[in-house]
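Colleague: I'm new to this one and would like a close look at a single part of it. Could you walk me through the surface that meets the DNA, and then the helices behind it?

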Amino acid sequence: MPELPEVETIRAGIADYIVGRKVVDLVVRNSQLRVPISDELRTEFPGQILNAVDRRAKYLLFRTNTGTMLLHLGMSGSLRLLREIVPPGIHDHLDINFDGEITIRFNDPRRFGKILWITGDPLQQLPLCNLGPEPLDSEFTGNYLYQRSRGRRIAIKSLIMDQRIVSGIGNIYATEALFRAGIHPIRAVGSIDEGRYQQLIIAIRQVLTEAIAKGGTTLRDFHHADGQAGYFQFALQIYGRAGKDCPNCGHLIKEERHGQRNSFYCTHCQT
DNA sequence: ATGCGGACCTGTTAGC
DNA sequence: TGCTAACAGGTCCGCA
């Protein structure tokens with residue numbers, strides 16, 4: 001479910017409430033995620049003071065003096081901030097209880113999420129050390145994408161969704177950015193020149209920045225930590241709009257499945 | 001090495 | 001109306 005803007009929205013919605021607080025205890029109701037919740041996390045995280053909640057790609061980093069809890073929400077994971085006792089529901093797999101009666105509750109129906117305890121610098125080890133640059137950082141440039149695409153044949157959409165190339169972009173924002181840049185989603189990466197990569201970088205930055213400002217995209221079940229929905233779904237120009245008119249040129253928007261994921265594109269303005 | 005397809009799960013929706 | 005199949009904001013592994 002969540003891509004960079006959704007993860008950032010969740011981060012911003014919880015950090016001020018929990019940074020500086022002590023982790024009182026963890027309540028694990030179901031440890032069977034993609035990677036089972038470790039005993040190490042259960043023993044090491046409680047008792048620590050939370051120094052910061054950071055984001056890297058689609059991961060949240062809950063930093064303490066002795067280690068970092070890394071959290072990936074997968075397709076269907078979400079966090080809720082609770083300030084009173086709320087009975088747990090189905091798929092509420094983990095509660096993190098802080099002093100001051102504040103709880104962060106992790107819910108994940110499909111259990112594709114991942115929760116790890118990392119000691120040492122989390123950015124220097126797996127899984128974070130293999131991630132590509134943040135798309136909003138200055139090192140992510142048209143020239144970088146151009147260089148990384150030479151000699152390769154994959155579709156451009158696959159390239160920008162590859163977390164080792166650039167991190168944080170998923171199916172919705174890849175689709176939207178390619179539309180804004182006028183590039184067909186299955187265009188071979190080796191056939192795109194550097195100028196168009198520069199346009200793509202601009203499009204990616206714009207889409208992500210606007211989505212963060214609007215609190216992410218709520219198509220189905222994404223919600224902020226306080227339960228509110230995002231607003232960027234109203235600004236989607238191409239995703240989910242098969243059969244409708246292109247907002248640029250009025251031609252038909254098509255939907256096709258490429259590599260297990262749905263793509264939407266305008267046959268006229270995306271080449 | 002690169003690129004594809006399938007697997008991991010459950011809930012919801014489209015289509016017969 | 002009710003059943004079944006397909007699909008969903010994401011990785012991750014194994015095979016050609």
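Modeller: Here is a walk from the DNA-facing surface to some of the helices. Keep in mind that this is a predicted model.

Let's start with DNA strand C. There are 24 residues around DNA strand C, and those that come nearest are M1, K58, K114, R220 and Y239. Sorted by class, the surface near the strand holds nine charged, eight nonpolar and seven polar residues. On the DNA side, 56% of the strand C atoms within 4 Å of the protein belong to sugar or phosphate, and the rest belong to bases.

Now for some individual contacts. K114 has a side-chain N or O atom 2.2 Å from a phosphate oxygen of DNA strand C. N262 also reaches a phosphate oxygen of that strand, with a side-chain N or O atom at 2.8 Å. D221 meets a base instead: one of its polar backbone atoms is 3.3 Å from a base oxygen of DNA strand C.

Which elements help build this surface? Helix 5 (171-181) and strand 10 (261-266) each supply at least two of its residues.

Helix 5 takes us on to helix 6, since helix 5 is among the elements covering the buried residues of helix 6, along with helix 1 (4-18), helix 3 (142-149) and helix 4 (156-161). Those buried residues are R196, Y197, L200, I201, A203, I204, V207, L208 and A211. Many helices show a repeating pattern like this, and here's the background: an α-helix has 3.6 residues a turn, so residues three or four places apart point the same way.

As for its dimensions, helix 6 runs over residues 194-213, 20 residues in total, and spans 29 Å from first C-alpha to last, close to the expected 28 Å. At its N-terminal end, D193 acts as a cap, with a side-chain oxygen 3.1 Å from the backbone nitrogen of G195. Just past the helix, G215 has a positive phi of about 75°.

Helix 1, one of the covering elements, has 15 residues and reaches 21 Å from end to end by C-alpha, close to the 21 Å expected. Its buried residues are L4, P5, E6, V7, E8, T9, I10, I14, A15 and I18. After helix 1 comes G20, again with a positive phi, this one near 90°.

Last, a quick stop at helix 4, where you'll find S158. S158 is partly exposed, with a relative accessible area of 41%. In sequence S158 and A174 are 16 residues apart, while their C-alpha atoms are 8.8 Å apart in space.

Key:
Residues are numbered from 1 along each chain as its sequence is written. Chains are lettered from A and ligands numbered from 1 in the order in which they are written. This is a predicted model: local features need pLDDT of at least 70, side-chain atom pairs count only at pLDDT 80 or more; totals for chains, interfaces and linings use all residues. Side-chain values use heavy atoms; hydrogens and water are left out. A residue is near a molecule or strand if one of its heavy atoms lies within 4 Å of it. A polar contact is a pair of N or O atoms within 3.5 Å; within protein, one must be able to donate a hydrogen and the other to accept it, and residues adjacent in sequence count only if both atoms are side-chain atoms. Helices (H or I, at least four residues) and strands (E, at least two) are DSSP runs, numbered from the N terminus. Ala, Val, Leu, Ile, Met, Phe, Trp, Tyr, Cys and Pro count as nonpolar, Asp, Glu, Lys and Arg as charged, and the others, Gly among them, as polar. The expected span of a helix is 1.5 Å times one less than its number of residues. Buried means under 20% relative accessible area, exposed over 50%, partly exposed in between (1.4 Å probe, protein chains only). Contact means heavy atoms within 4.5 Å.
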